[in-house]
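Trainee: I would like to learn how labels in a structure are justified. Could we go through some together?
Mentor: Gladly! Ask away, and we will set each value beside its rule.

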Amino acid sequence: ATVREVRGVRKMDLIGANDLCVEISLENGGKASDLGPPQKTAVKNGAGSSATWDETLSIMYSNESETKPLVLVVRVLDKDTVSSDICGTCAIPLLGLLQSTFASRSEKSARLEQNSFSLDKGGEVTLDVDFILNSNIFVEQREEENKQILELKRMWNKLDRDHDGQLTRNELLEGFKNVPGCAQFLGVNEHAFSAAQIGSPTSVLALEKLFDEMNANDDEIVDFDEFRTFVENKPARDRARQVEEHLERQAKQAQLDADRRKRLQDEQEALARRELELEEKREAERQ
């Protein structure tokens, strides 16, 4: 589905404008289908009652014999820090579109004719709903998943030195020292966890924090499932690190600007004092 725009949703917060995003999911007979998490657009901060995206979201679906009332549920959300308010919802029937495409086979894609849908709390959402038939997509997905699992197991076997199925703090430490590409694979700061830095007070604290983050159940060991979850969350950590680095650069630049303004002010004040001293000296000479 390509989300085009939202228009005329009501204000959800007493203070400030709506921060809008659109969420889509598949539901079957009123129950969420087993197709993974809902997909969401980017958040349009301060959008208010309307926003435009032109953003494509994809959900894979494979049941050719579906007979239940499959619907695409679209929710317009006011995204807040803690939770989100639902500005409006609509349900788009898909069963006929899917059945006709599966039956045809000659047509590799189909699109709903309607693309503007009313929301239950007022306003409307515009999106293009396409169904693209690709019998290989699930095979390709499984192959990619198998490839990722193989890479995970290769790194795991390098780190789990005694091959007991458990990763300890010391094994993780030795991994950063001796396994090439370990820091990059885990998605952590390569300089902080380089062989040259490992053992320094800063790296010891960073390693403790890293191990605690990997050890989800606090049992002082990391099993393969915890290791896998940590690695698969790398994109989210990368985004968080990019935001952190951006904020650090902003803070440094703000400090540089403040220091520059302070130097300029000091120079101007020193010049003013010097001019005053010269004026007082000239006045004294005239007397």
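Trainee: Which side chain of opposite charge is nearest to Asp19, and how far away is it?

Mentor: Lys11 is the nearest one, at 9.5 Å. A salt bridge needs a nitrogen and a carboxyl oxygen within 4 Å, so Asp19 has no salt bridge although it is buried. Please keep in mind that this is a predicted model.

Trainee: Where does Asp19 lie, and what does it touch?

Mentor: Asp19 belongs to the loop between β1 (2-7) and β2 (20-28). Leaving out residues up to four places away in sequence, its contacts include Val43, Lys44, Asn45 and Gly46, and also Leu77. With Gly46 there is a further detail: its backbone nitrogen lies 2.6 Å from a polar atom of the Asp19 side chain. The cut-off for a polar contact is 3.5 Å, and 2.6 Å is within it.

Trainee: What makes Arg4 and Asp54 a salt bridge?

Mentor: Their closest N and O atoms are 3.3 Å apart. The limit is 4 Å, so the pair qualifies. This pair links distant parts of the chain, with Arg4 in strand β1 and Asp54 in strand β5 (residues 51-56), 50 residues apart.

Trainee: Why is Arg4 called partly exposed?

Mentor: Its relative accessibility is 29%. Buried means under 20% and exposed means over 50%, so a value in between is called partly exposed. Asp54, at 49%, counts as partly exposed too.

Trainee: Which residue, then, is exposed, with a relative accessible area of 52%?

Mentor: Arg161 is, because its 52% is over the 50% cut-off. You will find Arg161 in the loop between α2 and α3 (169-178). Not counting residues up to four places away in sequence, Arg161 touches Glu171 and Glu174. The C-alpha atoms of Arg161 and Glu171 are separated by 6.7 Å, with their positions 10 residues apart along the chain.

Trainee: How many salt bridges does the structure hold?

Mentor: It holds 18. Among them is the one between Glu208 and Arg169, at 2.7 Å from N to O. Glu208 is in helix α5 (residues 201-214) and Arg169 is in helix α3, so this pair ties together parts that are 39 residues apart in sequence.

Trainee: What other side chain meets Arg169 in a salt bridge, at 3.0 Å?

Mentor: That is Asp212. Asp212 also lies in helix α5, so its pair with Arg169 ties together parts that are 43 residues apart in sequence. Its relative accessible area is 42%, which makes Asp212 partly exposed. Elsewhere, salt bridges that share partners join Glu23, Glu27, Lys40 and Arg75 into one network.

Trainee: How do you know that Cys21 has no disulfide?

Mentor: The closest cysteine sulfur to that of Cys21 is in Cys87, 8.7 Å away. A disulfide requires sulfur atoms within 2.5 Å, so 8.7 Å is too far for a bond. By this rule the count comes to zero disulfides.

Trainee: Are Cys21 and Cys87 buried or exposed?

Mentor: Cys21 is buried, with a relative accessible area of 1%. Cys87 is buried as well, at 0%. Both values are under the 20% cut-off.

Trainee: Why is the pair of Trp156 and Phe227 given its name, with planes at 55°?

Mentor: Rings pair if their centres lie within 6.5 Å, and planes neither under 30 degrees nor over 60 degrees apart count as tilted. Here the centres are 5.3 Å apart and the planes are at 55°, so the pair is tilted. Trp156 sits in helix α2 (residues 137-159) and Phe227 in helix α6 (residues 224-232), 71 residues apart. Both residues are buried.

Trainee: What about Phe224 and Phe227?

Mentor: With centres 6.4 Å apart and planes at 40°, that pair is tilted too. The two are three residues apart in helix α6, so about one helical turn separates them. Trp156, Phe224 and Phe227 form one aromatic cluster, and the whole structure has four aromatic pairs.

Methods:
Residues numbered from 1 in each chain as written. Predicted model: local features only at pLDDT ≥ 70, side-chain atom pairs only at ≥ 80, totals over all residues. Heavy atoms only, no water. Phe/Tyr/Trp six-rings, centres within 6.5 Å; stacked < 30°, edge-to-face > 60°. Helix = DSSP H or I, 4+ residues; strand = E, 2+ residues; numbered from the N terminus. Buried < 20%, exposed > 50% of the residue type's maximum accessible area, 1.4 Å probe, protein only. Lys, Arg positive; Asp, Glu negative; His and termini not counted. Polar contact = N/O pair within 3.5 Å; in protein donor to acceptor, adjacent residues only side chain to side chain. Contact = heavy atoms within 4.5 Å.
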